[in-house]
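Please open the structure in your viewer and keep the sequence beside it, since this tour moves from one selection to the next and says at each stop what is there.

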Amino acid sequence: MSPDPDDERNVLGGPLEPCGTDPVTGFYRDGHCTTGPDDLGRHTVCAVVSAEFLAMQRELGNDLSTPRPEYGFPGLKPGDRWCVVATRWLQAYQAGAASGVVLAATNARSLEIVPLEALRQHAVDVPDDIRGLE
């Protein structure tokens, strides 16, 4: 059973917004970057994937481009929104290949792994309350 997205917060402290429904993302395939005890990888960063990010993930052994129908995974293309593993996003960030991030849809649990400032640097949604901090 998946956690209720209404019980989870985003990295800005607000309600966790949906990340993506085309394709349907999330560890629990509920469109949100919810996490729970079954999500050992912590799929909590709502990424807008780029070709560079997908290529780097493939190099790391995390092929996000190839469809895997047996897992209900359609394969991603640049521009897709996907809940990615926080440590994988951090690896890409450290290598200069980070994807865009939707802060309102990125689970606050990501902050246990990824610094908020790193996420903000790649934010594609810039809410009014953080504009003054950039």
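Begin by selecting Val48, whose bridge partner in β3 is Gly100. What you have open is a predicted model, and the distances and accessibilities given along the way are computed from it.

**The sheet**

Widen the selection from that bridge to the two strands, and you will see β1 and β3 paired in the antiparallel sense over two bridges. Adding β2 completes an open sheet of three strands, which runs in the order β2-β1-β3 with antiparallel pairing. Because β2 and β3 (100-101) stand at the edges and have a single partner strand each, one side of each is left without a neighbour in the sheet.

**The nonpolar cores**

Next, show the side chains of Val84, Trp89 and Leu119, which have the most contacts inside the largest nonpolar core, a set of 24 residues. Colouring by element helps here, as β1 (43-48), α1, β2, α2 (86-94) and α3 each supply at least two residues of this core, and α2 gives the most, with four residues. Centre the view on Leu119 and display its surroundings: leaving out residues up to four places away in sequence, Leu119 touches Val11, Val45, Trp89, Val101, Leu103, Thr106, Leu111 and Val114. A second core, separate from that one, has six residues, and among them are Cys19, Cys46, Cys83 and Val102.

**A buried acid**

Now select Asp125, in the loop between α3 (116-121) and α4 (128-131). Which side chain of opposite charge is nearest to this buried residue, and how far away is it? That side chain is Arg81, 7.0 Å away, and Asp125 has no salt bridge. Look instead at the backbone of the residues around Asp125, where the nitrogen of Leu103 lies 2.7 Å from a polar atom of the Asp125 side chain and the nitrogen of Ala104 lies 3.0 Å from a polar atom of that side chain. Apart from neighbours within four places in sequence, Asp125 is in contact with Val101, Val102, Leu103 and Ala104.

**Salt bridges**

A search of the whole structure finds four salt bridges, and a good one to select next is that between Arg42 and Glu112, with the closest N and O atoms 2.5 Å apart. Since Arg42 lies in the segment before β1 and Glu112 in the loop between β3 and α3, the pair ties together parts that are 70 residues apart in sequence. Glu112 counts as exposed because its relative accessibility is 53%. Add Arg109, which also forms a salt bridge with Glu112, at 3.0 Å between the closest N and O atoms, and which counts as partly exposed at 35% relative accessibility. Shared partners join Arg42, Arg109 and Glu112 into one network.

Then move to Glu70 and Arg68, whose side chains meet in a salt bridge of 2.9 Å, N to O. Glu70 counts as exposed at 52% relative accessibility, whereas Arg68 is partly exposed, with a relative accessible area of 36%.

**A serine in a loop**

Finish with Ser65, in the loop between α1 (51-59) and β2 (81-85). Is Ser65 buried or partly exposed? Its relative accessibility is 24%, so Ser65 counts as partly exposed. The side chains of Ser65 and Arg58 are joined by a polar contact of 3.1 Å, and, setting aside neighbours within four places in sequence, Ser65 is in contact with Leu54, Arg58, Gly75 and Leu76. If you draw a C-alpha to C-alpha distance from Ser65 to Ala51, 14 residues apart in sequence, the value is 9.4 Å.

Technical notes: Residues numbered from 1 in each chain as written. Predicted model: local features only at pLDDT ≥ 70, side-chain atom pairs only at ≥ 80, totals over all residues. Heavy atoms only, no water. Buried < 20%, exposed > 50% of the residue type's maximum accessible area, 1.4 Å probe, protein only. Lys, Arg positive; Asp, Glu negative; His and termini not counted. Polar contact = N/O pair within 3.5 Å; in protein donor to acceptor, adjacent residues only side chain to side chain. Contact = heavy atoms within 4.5 Å. Core = buried A, V, L, I, M, F, W, Y, C linked by side-chain atoms within 4.5 Å. Pairing = 2+ DSSP bridges.
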